[in-house]
Amino acid sequence: MKNDTWKVSRRSFLAGTASLISAPMVLAASGEKSKPITMANGGGSYQDAQVKAVIEPFTKETGIKVEFVPILELDKVKAMQLTGNVDVDVFLNTVVNTTSGSKLGFWEKLDPALFDLKDLEVPPATDYVTFELAGNCVTWDPKKFGDGRHPKNCAEFFDLQKFPGRRALRGNVLVGTLEIALLADGVAPKDIYPLDLDRAFKSLSRIKSHLVWSATTPQDISLVQSGEVDFGFASNNRVLATTRPGGGTPLAISFEQNIIVADALAILKGAPNKENAMKLLAYYMRPEVQARLFDLLGTIPVSKKASTMLSPEIRKWQPDLNSPNHVMQNNTYWAENFESINRRFQEWRMS
């Protein structure tokens with residue numbers, strides 16, 4: 001792929017600074033009473049997992065408390081900074097949105113010595129750190145479609161003759177919809193970016209009459225579970241959740257070809273509790289912390305060491321990030337082109 005911001009092997013990020021990291025630096029004592037960190041988060045079970053695996057142990061170790069506010073959009077961040085009334089410390093969102101905020105100068109610079117750079121699948125940017133990955137995969141009901149009766153990759157997902165039936169794709173270009181269409185049309189994963197938009201829309205048009213558009217992450221799953229569609233695309237952790245108690249109809253996924261997307265952490269410029277927020281970001285990236293968190297969430301740790309520490313059950317639900325069949329979403333490309341591409345995509349959907 002043509003994205004040099006993802007793999008440490010593709011770009012050295014301030015090489016040698018990893019040796020500077022140490023837990024005492026992250027958790028240095030302060031003579032003053034610690035102020036609570038304010039963190040924008042998504043709520044629900046996702047936030048609950050972070051509280052259990054990250055926040056409570058962090059507070060126990062450092063004495064620093066963390067308070068939550070609803071997830072922030074970039075226009076809210078802009079308003080805070082224009083008025084000088086920044087009351088949130090930590091921003092958690094997709095890497096695409098975080099990259100957009102970086103281009104607008106919204107985040108504090110991060111000291112790379114906070115992180116063990118050699119341990120990270122994705123090196124930190126100058127002002128944000130990718131902490132979580134997820135693989136969007138072909139999914140189906142294994143009770144309806146046994147071996148050989150379901151697609152395993154993007155080309156097969158678009159093959160209506162071999163695998164007839166209705167499909168679901170997300171009505172959102174930021175989760176890989178156009179990348180899937182190009183892979184289905186024979187574009188090599190390494191050649192996906194910049195997107196050939198004409199080719200992508202032509203490819204999608206081939207199966208448009210068989211498509212149902214999912215509006216949300218939960219609907220990626222519910223459309224397949226309900227039988228409204230035969231095959232869909234969903235994140236590995238969401239499919240894993242269907243196999244657990246209360247998850248509804250258990251689904252299966254293929255790790256043969258995935259679109260890898262990511263979430264990131266950043267600190268708002270002018271954050272009232274910047275020093276402690278830096279400690280929290282460093283804590284999130286520790287291998288043992290990542291292993292605890294992703295054993296609960298089922299998504300993919302950025303820490304290489306954490307991947308080896310996951311429980312055997314969770315490891316079965318993790319795509320191989322080294323597979324050349326996968327596409328790592330190019331966040332810089334999307335941050336620069338989202339508005340124009342999304343406008344064209346929505347117009348195409350309505351045509």
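How far apart are the mean positions of the positive and negative charges of the protein? In this predicted model, the answer is 2 Å, taken over 41 positive and 39 negative charges.

On to the overall build. The protein has 14 helices and eleven strands. Its radius of gyration is 21 Å, which agrees with the value near 20 Å that a compact globule of 351 residues would have. Along the principal axes, the C-alpha atoms fill a box of roughly 70 × 40 × 35 Å. Of the 351 residues, 54% are buried. The accessible surface adds up to about 15,400 Å², and carbon and sulfur atoms own 52% of that. As for how the chain meets itself, take the contacts with a separation of 6 or more: 75% of them involve residues 24 or more positions apart.

Helix 4 makes a handy starting point for a closer look. This helix covers residues 95–103, and its buried residues are Val95, Val96, Thr98, Thr99, Ser100 and Gly101. What do these buried residues pack against? The partners are helix 3 (74–83), strand 3 (90–94), strand 4 (129–140), strand 9 (259–267) and helix 14 (331–350). After helix 4 comes glycine 105, with a positive phi near 75°. Glycine 105 sits in the loop between helix 4 and strand 4, and at a relative accessible area of 28% it is partly exposed. Setting aside neighbours within four places in sequence, glycine 105 contacts Gln81 and Lys269. The C-alpha atom of glycine 105 is 15 Å from that of valine 129, a residue 24 positions away along the chain.

The loop between helix 4 and strand 4 also holds phenylalanine 115. Phenylalanine 115 is buried, since its relative accessible area of 1% falls under the 20% cut-off. Its C-alpha atom is separated by 6.1 Å from that of alanine 282, although the two residues are 167 apart along the chain.

Next, the aromatic rings. The whole structure contains 14 aromatic pairs. One of them joins phenylalanine 91 and tryptophan 107, with 4.5 Å from centre to centre and 35° between the planes, a tilted arrangement. Why does this pair tie together parts that are 16 residues apart in sequence? Because phenylalanine 91 belongs to strand 3, while tryptophan 107 belongs to the loop between helix 4 and strand 4. Phenylalanine 91 is buried at 0% relative accessible area, and tryptophan 107 is buried too, at 1%.

A second pair brings in phenylalanine 345 and tryptophan 348. Their ring centres are 6.3 Å apart and their planes meet at 20°, so the pair is stacked. The two residues are three apart in helix 14, which puts about one helical turn between them. Phenylalanine 345 has a relative accessible area of 0% and is buried; tryptophan 348 has 12% and also counts as buried. Both residues are members of one aromatic cluster, together with Phe201 and Trp213.

Strand 4, already named as a packing partner of helix 4, includes threonine 139. Is threonine 139 buried or exposed? With 0% relative accessibility, threonine 139 counts as buried. Not counting residues up to four places away in sequence, threonine 139 touches Val224, Asp230, Phe231, Gly232, Phe233, Ala234, Val239, Leu251, Ala252 and Ile253.

Two backbone details remain. Which residues does a cis peptide bond join? They are tyrosine 193 and proline 194, with omega at about -5°. Proline 194 lies in the loop between helix 6 (177–184) and helix 7 (197–205). The other detail concerns helix 11, which spans residues 287–297 and has Pro287, Val289, Gln290, Ala291, Leu293, Phe294 and Leu297 as its buried residues. Glycine 298 follows helix 11, and its phi is positive, near 85°. A positive phi was also noted for glycine 105, after helix 4.

Key: Residues are numbered from 1 along each chain as its sequence is written. This is a predicted model: local features need pLDDT of at least 70, side-chain atom pairs count only at pLDDT 80 or more; totals for chains, interfaces and linings use all residues. Side-chain values use heavy atoms; hydrogens and water are left out. Buried means under 20% relative accessible area, exposed over 50%, partly exposed in between (1.4 Å probe, protein chains only). Helices (H or I, at least four residues) and strands (E, at least two) are DSSP runs, numbered from the N terminus. Contact means heavy atoms within 4.5 Å. The radius of gyration is taken over C-alpha atoms; the globule rule is 2.2 Å times the number of residues to the power 0.38. Accessible areas come from the Shrake-Rupley method with a 1.4 Å probe; for residues, only the protein chains shown count as cover. Lys and Arg count as positive and Asp and Glu as negative; His and the chain ends are not counted. The place of a charge is taken as NZ of Lys, CZ of Arg, CG of Asp or CD of Glu. Rings of Phe, Tyr and Trp (its six-membered ring) pair if their centres lie within 6.5 Å; planes under 30 degrees apart count as stacked, over 60 as edge-to-face and the rest as tilted.
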